[in-house]
Amino acid sequence: MTAIEVTDLQKSYGGTRAVDGVSFTVAAGETFGILGHNGAGKTTTVECLIGLRRADSGTISVLGLDPVRSRRALARRIGAQLQESELPARMRVAEAMRLFSAFYDEPDDWRALLDRWSLAPIRNKAFADLSGGQKQRLQLALALVGRPGLVVLDELTTGLDPVARRETWALLGDLKAAGTTVVLVSHFMDEAEELCDRVAVFGHGRIVALGTPRELIAETGAASLEDAYLALAGETR
Ligand SMILES: Nc1ncnc2c1ncn2[C@@H]1O[C@H](COP(=O)(O)OP(=O)(O)OP(=O)(O)O)[C@@H](O)[C@H]1O
């Protein structure tokens with residue numbers, strides 16, 4: 001089954017072509033990585049996927065829905081952790097979890113999620129007083145509280161310490177085992193190699209390579225996805 005189908009997506013901001021004819025599909029249960037240099041169009045693409053931005057042209061289907069026309073219906077079925085999303089400064093961790101769980105018909109147990117994401121000890125802290133990594137973990141727990149079938153994670157582990165990063169990988173492994181479809185935007189090639197079934201390498205608003213990490217490594221004759229990425233990225237500059 002196909003979870004996401006994107007065909008010839010185009011999006012410009014004024015004179016800047018952020019996304020310039022991108023097409024890809026993501027199968028249900030797949031972990032799909034979106035890689036690429038700063039400004040390659042990754043965030044714009046995922047924002048179009050979840051209905052936060054309207055594409056100039058092209059078609060997008062997410063869980064069988066048009067993300068712009070069915071934005072509210074889709075919001076109940078997907079979880080998103082985006083770069084730099086903010087909560088009210090004074091909102092406390094537990095309060096945010098309780099509030100978000102109320103948006104969904106069959107939410108996960110938010111108290112259990114606090115434990116799972118090591119947020120229980122800071123449950124009474126205000127959002128403004130959290131460290132960058134704590135904010136990140138909270139955003140992720142909030143993205144999962146509705147038990148979504150699809151999660152979109154933009155720079156999931158940026159700002160996390162090495163231990164928290166590995167813990168997050170393990171939790172993502174659990175999500176995958178539960179059959180959740182994951183779209184993961186990342187600058188970490190070790191993360192993409194470990195977690196993703198397939199990756200798309202973006203360059204200047206286009207997909208310049210798409211395949212399993214193993215395929216991209218074989219195609220470029222590299223020793224790792226990081227080396228394969230550097231070889232591919234060199235071609236896009
Ligand atoms: N709101 C905006 N207004 C104008 N230009 C924008 C806007 N958002 C993004 N852009 C431009 O669109 C292009 C693609 O940006 P986008 O954020 O999608 O890239 P990205 O691959 O996610 O980058 P990064 O890795 O730095 O997060 C860039 O040239 C960026 O400057």
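**Exercise 1. Work out how helix 3 passes helix 5 in this predicted model: is the crossing left-handed or right-handed, and which residues make the contact?**

Let's start with the handedness: helix 3 crosses helix 5 in a right-handed manner. On the helix 3 side, the contact is formed by V93, A96, M97 and F100, and helix 5 contributes L138, A141 and L142. Sorted by class, this contact has seven nonpolar residues, with no polar and no charged ones.

**Exercise 2. Decide how the directions of helix 3 and helix 5 relate: roughly parallel or roughly antiparallel?**

First, find the geometry: the axes of helix 3 (residues 93-101) and helix 5 come within 9 Å, crossing at roughly 20°. Next, apply the cut-off: angles under 35 degrees count as roughly parallel. Helix 3 is therefore roughly parallel to helix 5.

**Exercise 3. Trace the strand order of the open sheet and find its edge strands.**

Step one is the order: the six strands run 5-6-7-3-8-9, and their pairing is mixed. Step two is the edges, strand 5 (78-81) and strand 9 (206-211), each of which pairs on one side only. Step three is the twist, which averages 15° from one strand to the next.

**Exercise 4. Describe how strand 3 is joined to strand 8, then place helix 5 on the sheet.**

Strand 3 (residues 31-36) and strand 8 (residues 198-203) run parallel and are joined by five bridges. To locate one of them, take G36: its bridge partner in strand 8 is F202. Now for the helix: helix 5 (residues 132-144) packs on the sheet, where it touches strand 5 and strand 6 (150-154). The direction of helix 5 makes about 170° with that of strand 5.

Technical notes. Residues are numbered from 1 along each chain as its sequence is written. This is a predicted model: local features need pLDDT of at least 70, side-chain atom pairs count only at pLDDT 80 or more; totals for chains, interfaces and linings use all residues. Two strands pair if DSSP finds at least two bridges between them. Helices (H or I, at least four residues) and strands (E, at least two) are DSSP runs, numbered from the N terminus. Axes are lines fitted to C-alpha atoms, for helices over the stretch in contact, and angles run from 0 to 180 degrees between N-to-C directions. Two residues are in contact if their C-beta atoms, placed from the backbone, lie within 7 Å. Angles under 35 degrees count as roughly parallel, over 145 as roughly antiparallel, 65 to 115 as roughly perpendicular and the rest as oblique. A crossing is left-handed if the near helix is turned anticlockwise from the far one by less than a right angle, and right-handed if clockwise. Ala, Val, Leu, Ile, Met, Phe, Trp, Tyr, Cys and Pro count as nonpolar, Asp, Glu, Lys and Arg as charged, and the others, Gly among them, as polar.
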